[in-house]
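Reader: I would like a close look at a single strand and its surroundings. Please take one part and describe it in full.

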Amino acid sequence: MAEPHDLTALEQAAALARGELSSVDLVEHHLRRVDALGDTVGAFVTVTAELAREAARAADATPVDRRGPLHGVPTAIKDLTLTAGVRTTFGSAAFADFVAPVDADVVRFMRAAGLVSLGKTTTSELGCSLYSETLVAPPARNPWQLAYTAGGSSGGAAAAVAAGLVPVAQGSDGGGSVRIPASLCGLIGYKPSRGLVSGGPLGFGAFGLPTNGPLGRSVADVAALLDVLAEPVPGEPYLPPTPPAGGYLAAARTAEPGPLRIGRFTTPMLADEPVHPDCVAAVDRAAALLAAAGHEVVEVPAPLGPQVWPLFEIVWYVLALAPVPPQRESELLPLTRFLRARAAGISAGTLTATLGEIQAQVRLGARRTAGCDLLLCPTLAAPQAPLGWFNQGRTPAEDFDRQRRFSPYCAVFNVTGQPSVSLPVGVTAEGLPVGVLLTGRYGDDARLIATAAQLEASSGGWDRHPAVWRSVGSANVNDSGVGRSPR
């Protein structure tokens with residue numbers, strides 16, 4: 001018999017609309033799971049139980065005819081995202097006691113849509129790494145294998161969704177930070193087109209690289225949350241693409257992208273790194289399913305190559321220069337201090353020239369794949385990584401280089417601004433998830449979501465669950481933490 005967390009986000013909202021559950025019921029159910037599993041998987045930095053209960057009561061009091069598709073459903077906010085009146089640490093001991101004075105725009109939109117946040121999810125320090133191991137919370141662990149990382153910087157969000165602590169969660173992606181954890185944890189992680197989702201009210205846009213985006217267990221859930229997040233806001237630095245008629249959820253439910261030309265490649269773009277056979281096999285499976293659906297899948301060259309890494313490297317250094325109180329710089333992690341020290345030696349002229357050269361390379365890459373509607377490649381160069389694999393016993397420079405080699409695909413599409421989604425198409429021999437990356441033309445998010453939904457349907461669905469899913473009030477997880485439970 002299904003429990004509330006077995007239901008997708010949209011199914012939970014539908015049960016609320018039918019009167020079978022209340023938002024208070026859902027919130028209490030998921031808070032019990034957070035209490036039992038939150039530290040085990042390292043999902044949360046701060047749990048806001050009383051605020052969630054108050055919001056759930058307000059959601060239940062809202063007339064049914066004023067409720068949106070996700071009204072009353074539990075969710076969570078990444079700890080990089082400003083949330084008024086709630087401790088927001090940015091994953092750093094330097095901000096361990098910081099309470100945000102304002103909401104980020106996406107938090108306002110989620111609250112207005114009736115979503116109920118259970119708290120702030122674990123992230124990497126200042127969003128600087130693709131793993132979430134900090135001094136302010138337990139490390140974000142992969143619910144499929146607790147000895148492995150859940151990734152970063154939205155690692156806690158992915159751990160929360162994959163463990164059934166919330167059905168959907170907000171993340172942000174400046175170089176793969178939604179898609180990397182989604183790939184590791186067997187989820188759908190969506191990076192929207194540049195400008196589609198507000199990054200306000202604070203910040204300068206960070207050269208257009210980062211954007212907020214959703215994580216979930218189904219394409220429809222992710223599309224529904226994208227509809228909530230993609231609210232135009234005056235004053236944003238990038239013009240938002242025009243949304244489709246009926247919204248992105250309608251595109252997911254239709255799942256009819258039309259016949260497409262899809263360019264496939266597996267060559268890493270930011271590192272000369274061998275790609276794990278499981279990652280190639282996942283791309284092969286996705287390509288076969290897409291071809292069977294009537295699309296033309298062709299081999300194409302990778303848009304960019306490892307020779308552009310020195311340019312990207314300069315930008316990543318500069319993006320680590322978030323304002324930190326001088327007296328608390330010593331509380332930053334070694335990797336963060338290393339990146340900031342490198343950035344301190346980069347002049348404004350060097351940065352400007354670097355951004356110009358990157359854009360020139362992006363133009364060349366776009367011409368190489370101009371005939372394609374979508375691009376298909378691995379999300380990562382390896383399916384998984386153990387906890388501590390990047391940083392323990394290594395210098396910060398070695399840590400940073402390992403991250404580049406592990407994730408040589410995602411960040412390119414932050415630079416181009418294209419919409420990009422990681423989909424859990426593959427599985428290792430041990431039953432661990434393997435993601436593939438599907439990337440669309442800039443502004444063509446609706447077609448990308450429709451194709452992702454079509455691929456989901458032809459794959460037989462991706463809502464698989466790790467063993468920890470049933471560990472609350474049922475059988476214990478085996479010692480390895482590996483396993484799966486059917487819906």
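Author: What follows describes strand S13, its neighbours and the sheet around it. This is a predicted model, in which local features need pLDDT of at least 70, side-chain atom pairs count only at pLDDT 80 or more, and totals for chains, interfaces and linings use all residues. Residues are numbered from 1 along each chain as its sequence is written, and side-chain values use heavy atoms, with hydrogens and water left out.

S13 spans residues 433-440; strands here are DSSP runs (E, at least two residues), numbered from the N terminus. Eight of its eight residues are buried, meaning under 20% relative accessible area with a 1.4 Å probe, protein chains only. One side carries Pro433, Gly435, Leu437 and Thr439, and the other Val434, Val436, Leu438 and Gly440; both faces are covered.

Two strands count as paired if DSSP finds at least two bridges between them. S11 (residues 374-378) runs antiparallel to S13 and is joined to it by five bridges. Among the partners, Leu376 is matched with Leu438 of S13, and Pro378 with Val436.

S12 (residues 420-427) also pairs with S13 in the antiparallel sense, over six bridges. One of these links Ser420 to Thr439. S12 and S13 form a hairpin with five residues between them, and Gly431 in the turn has a positive phi of about 85°.

In the wider picture, S13 sits between S12 and S11 in an open sheet of eight strands, ordered S6-S8-S7-S12-S13-S11-S9-S10, with mixed pairing. The edge strands, S6 (168-173) and S10 (296-299), each pair on one side only.

Notes
Buried < 20%, exposed > 50% of the residue type's maximum accessible area, 1.4 Å probe, protein only. Helix = DSSP H or I, 4+ residues; strand = E, 2+ residues; numbered from the N terminus.
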